[in-house]
Amino acid sequence: MLINKNTFAFKAKIDSYAIFRHLELFIKIVECNSFSLAAKKLNVTPSSVSRGLQQLEDQLGVVLLKRTTRNFILTDAGRYLLQRSQNLLADLDDSLVNTASFYQHAQGQLKITCSIAFGVCHLMQIYSEYRETNPKVSLSVDLNDELINLNEVDFDIALRITSHPPENFALRKICNINWVYCGSRTYFERYGIPQSPADIASHNCLINPNIPDTWRMTDKDGSAYPLEINNMIEVNSSLGLLEAARCHQGIVCLPTYMLGNYIENGELLPVLLDYDPKSTPFALYALYHPAHTHSPKIRTFIDFLVEKIPSDPHWDHWMRQHAS
């Protein structure tokens, strides 16, 4: 489409007028088939309606309505503008309504970062249930076991399992996270069940080299027991270590949110439960920027997390049975 100097001059001219108000007048005149009725609907005087239409025609340099003594007729230019402006104003009205309600209803893309293991084991299921009541919220997830600087990336929510959550973010604690040593039933039938921390030295140990403080224990009195380990398999993935344990390769130390189902069905057996693998308590936190406190998609998703993952999560129910 060729654009000449007159087009640019027209654009500069039209930007200075209340074009949308004039379009509204024009559409209402056609809908009501009357200047006076249009004026009544818009709560203005008939002269204002007539003047607005004249200004619109002057701006566009075309005749939109041919007036007669009793009626008017739409010109070709008028019919074209009527169709296009009706769609335009309908879209604009819809956009304004959606914008006004943007912080009332959850919608848009929700960007979450979390560990690979938690994302695979739980996040996808939680989101699928959340979406049943929030269908306008789409999900973008970054599964990453590296410690991401949240000030340098654009995420709505960061799900972090830590003993020291950052202080410069708004946060909500979801639940405590427990760790436990375990192995498969078949493995323990072959090599025996360790009865004390010292027994670990005679077992095959499945370790994650990126978590150097895992292989230690603290008893109920707070005394620490560094463990002598026989490093059989080394995997930089919690999911990989879980599979190695399920394949009867040795003892692993993992968070219970990965193990609960396997412990309950008897596939994996927890050991040395009188000792804690962590010297400081860990918890799952939902972190978000303080400025986004009132965002519906963030608020509703975190509320849903709290509902689906109570302080006593389902993956730890076996611990109650052991305690009793």
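**Reading the labels on this model**

Visitor: Why does Asn33 count as partly exposed?
Guide: Its relative accessibility is 45%. Partly exposed runs between the 20% and 50% cut-offs, so 45% earns Asn33 that label. Keep in mind that this is a predicted model.

Visitor: Where is Asn33, and what is its phi?
Guide: Asn33 sits in the loop between H2 and helix H3 (35–42). Its phi is near 55 degrees, a positive value in a residue other than glycine.

Visitor: What makes His248 partly exposed?
Guide: The value for His248 is 28% relative accessibility. That falls between 20% and 50%, so His248 counts as partly exposed. The residue belongs to the loop between helix H8 (238–246) and strand S12 (251–255). Phi of His248 is positive too, near 70 degrees.

Visitor: How many aromatic pairs are there?
Guide: The count comes to ten aromatic pairs. One of them joins Tyr130 and Phe304, with 5.7 Å between centres and 65 degrees between planes.

Visitor: Why is the pair of Tyr130 and Phe304 called edge-to-face?
Guide: Ring centres must lie within 6.5 Å to pair, and planes over 60 degrees apart count as edge-to-face. At 5.7 Å and 65 degrees, Tyr130 and Phe304 pass both tests, so edge-to-face is the right term.

Visitor: What makes you say that Tyr130 and Phe304 tie parts together?
Guide: Tyr130 lies in helix H6 (residues 116–130) and Phe304 in helix H10 (residues 296–308). The parts they join are 174 residues apart in sequence. Tyr130 and Phe304 are both buried.

Visitor: How do you know that Tyr187 and Phe188 are edge-to-face?
Guide: Their planes stand at 70 degrees and their centres are 5.5 Å apart. The angle is over 60 degrees and the distance is within 6.5 Å, so the pair is edge-to-face.

Visitor: Are Tyr187 and Phe188 buried or exposed, and why?
Guide: Tyr187 has a relative accessible area of 0%. Phe188 has 5% relative accessibility. Buried means under 20%, so Tyr187 is buried and Phe188 is buried.

Visitor: Which residues form one aromatic cluster?
Guide: Tyr127, Tyr130, Phe301 and Phe304 do.

Visitor: What makes Lys278 a charge over the ring of Trp179?
Guide: The charged end of Lys278 is 4.7 Å from the centre of the Trp179 ring. The distance limit is 6 Å, so 4.7 Å meets it. Lys278 also lies over the face of Phe282, at 5.2 Å from the ring centre.

Visitor: Why are Glu31 and Lys28 called a salt bridge?
Guide: Their closest N and O atoms are 3.4 Å apart. The cut-off is 4 Å, so Glu31 and Lys28 qualify. Both lie in helix H2 (residues 19–32), three residues apart, about one turn of the helix. Lys28 is partly exposed, at 22% relative accessibility.

Visitor: How many salt bridges does the whole structure hold?
Guide: A search finds nine. Another of them joins Lys111 and Asp154, at 3.3 Å from N to O. Lys111 is in strand S3 (residues 108–114) and Asp154 is in the loop between strand S4 (137–143) and strand S5 (157–162), so the pair ties together parts 43 residues apart in sequence.

Visitor: Why do Lys111 and Asp154 get their exposure labels?
Guide: Lys111 has 26% relative accessibility, between 20% and 50%, so it is partly exposed. Asp154 has 55%, which is over 50%, so Asp154 is exposed.

Visitor: How do you know that Asp303 and Arg172 form a salt bridge?
Guide: The N to O distance is 2.6 Å. That is within 4 Å, so the pair counts. Asp303 in helix H10 and Arg172 in strand S6 (residues 170–177) are 131 residues apart, and the pair links distant parts of the chain. Asp303 is partly exposed at 35%, and Arg172 is partly exposed at 33%.

Visitor: Which residues are linked in a network of salt bridges?
Guide: Glu243, Arg246 and Glu267 are.

Visitor: What does the protein chain hold as a whole?
Guide: There are eleven helices and 14 strands. Buried residues make up 40% of the 324 residues. Among contacts between residues at least 6 apart in sequence, 75% join residues at least 24 apart.

How values were computed
Residues numbered from 1 in each chain as written. Predicted model: local features only at pLDDT ≥ 70, side-chain atom pairs only at ≥ 80, totals over all residues. Heavy atoms only, no water. Phe/Tyr/Trp six-rings, centres within 6.5 Å; stacked < 30°, edge-to-face > 60°. Helix = DSSP H or I, 4+ residues; strand = E, 2+ residues; numbered from the N terminus. Buried < 20%, exposed > 50% of the residue type's maximum accessible area, 1.4 Å probe, protein only. Lys NZ or Arg CZ within 6 Å of the ring centre and 35° of its normal. Salt bridge = Lys/Arg side-chain N within 4 Å of Asp/Glu carboxyl O. Contact = heavy atoms within 4.5 Å.
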